[in-house]
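Work through the exercises below with the sequence and the model side by side. Each one sets a task and then gives a solution that proceeds step by step.

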Amino acid sequence: MGPVSDLDAFVSSPQGLICYRVTTDWTMFKVVFLAKKKDGWSDDEFYDYYETEHVPLAKELPGISKYTYGKPTDPDADWDLTANLYWETQADLQDAFESDEMQAVVEDGATFTDQEAELSITVEEEVVLDN
């Protein structure tokens, strides 16, 4: 696959996620997850489990440098959660994907999320403004 728009490379991760590389002065690799709770889970149960059980696992991923998540403001949103995980380099991201810690995160995700509805993409993010 050749260049895509202003992107200069295409790389596939072991999990089948797509990594785009942007040539800039400052970038980070970021994985964006869109998650939906499993049927039968209330919002309170879902977010409590995520915050108390899943987040501590994800915070232990090798090389992770930043981790944010958000809850939708629209009660009718198609997704119940977004999560953004950051690494400084593609090598750091690759190491995390191949780690036992990532395996634990993936297995735990199946406990409380609808795996068929989950979407994810990996991008090399360019910071344009950081006030």
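The exercises that follow concern a predicted model, and they go from the overall fold to single side chains.

**Exercise 1. Describe the overall fold and establish how the predictor's confidence varies along the protein.**

Step 1. Begin with the inventory of elements: the protein has three helices and six strands, and along the sequence these follow the pattern β-β-β-α-β-β-α-α-β.

Step 2. Turn to burial and surface. Of the 131 residues, 31% count as buried, while the accessible surface comes to about 8,000 Å², with 48% of that area belonging to carbon and sulfur atoms.

Step 3. Consider how far apart in sequence the contacting residues are. Among contacts with a separation of 6 or more, 68% are between residues 24 or more positions apart.

Step 4. Check the confidence before going further. The mean pLDDT is 81, and 80% of the residues reach 70 or more; among the elements, α1 has the highest mean, 97, whereas strand β1 (residues 9–12) has the lowest, 38. Over residues 1–25 the pLDDT stays under 50, and for this stretch the model has 45 contacts beyond four places in sequence.

**Exercise 2. Work out which strands pair with β3 and which with β5, and in what sense they run.**

Step 1. Start from β3, which covers residues 27–35. β3 and β5 run antiparallel and are joined by seven bridges; within this pairing F33 has A83 as its bridge partner, and A35 stands opposite L81.

Step 2. Look next at the pairing of β3 with strand β6 (residues 119–126), which is also antiparallel and extends over eight bridges. Here V31 stands opposite T122.

Step 3. Move to β5, residues 81–87, and its pairing with strand β4 (residues 64–70), where six bridges join the two in the antiparallel sense. I64 has W87 in β5 as its bridge partner.

Step 4. Put the pairings in order: β4 pairs with β5, β5 with β3, and β3 with β6.

**Exercise 3. Identify which elements supply the largest nonpolar core and which residues touch the most other members.**

Step 1. The core has 20 residues, and those touching the most other members are Y50, L61, L81, L85, W87 and L93.

Step 2. At least two residues each come from β3, α1, β5, α2 (90–97) and α3 (100–112). The largest share, six residues, is supplied by α1.

Step 3. Relate this to the burial of β5, a strand that is mostly covered, with six of its seven residues buried.

**Exercise 4. Explain how D80 and K37 are placed relative to each other, and say whether D80 is buried or exposed.**

Step 1. Locate the two residues. K37 is in the loop between β3 and α1 (43–58), and D80 is in the loop between β4 and β5.

Step 2. Compare the two separations: D80 and K37 are 43 residues apart in sequence, yet their C-alpha atoms are 6.4 Å apart in space.

Step 3. Assess the accessibility of D80. Its relative accessibility is 12%, so D80 counts as buried, the cut-off for buried being under 20%.

Step 4. Examine the polar contacts. The side chain of D80 reaches the backbone nitrogen of K37 at 2.7 Å, while the side chain of K37 makes a polar contact of 2.5 Å with the side chain of D43.

Step 5. Widen the view to the surroundings. Beyond four places in sequence, the contacts of K37 include S42, F46, F112, T113 and D114, and those of D80 include A35, F46, Y47, G70 and P72.

**Exercise 5. Determine what surrounds H54 and why H54 counts as buried.**

Step 1. H54 is found in helix α1, and H54 counts as buried because its relative accessibility is 9%.

Step 2. The side chain of H54 makes a polar contact of 2.7 Å with the side chain of D108.

Step 3. Leaving aside neighbours within four places in sequence, H54 is in contact with Y49, Y67, V105, D108, G109 and F112.

Technical notes:
Residues numbered from 1 in each chain as written. Heavy atoms only, no water. Helix = DSSP H or I, 4+ residues; strand = E, 2+ residues; numbered from the N terminus. Polar contact = N/O pair within 3.5 Å; in protein donor to acceptor, adjacent residues only side chain to side chain. Contact = heavy atoms within 4.5 Å. Core = buried A, V, L, I, M, F, W, Y, C linked by side-chain atoms within 4.5 Å. Buried < 20%, exposed > 50% of the residue type's maximum accessible area, 1.4 Å probe, protein only. Pairing = 2+ DSSP bridges. Areas by Shrake-Rupley, 256 points an atom, 1.4 Å probe, with all protein chains shown as cover. pLDDT = per-residue confidence, 0-100.
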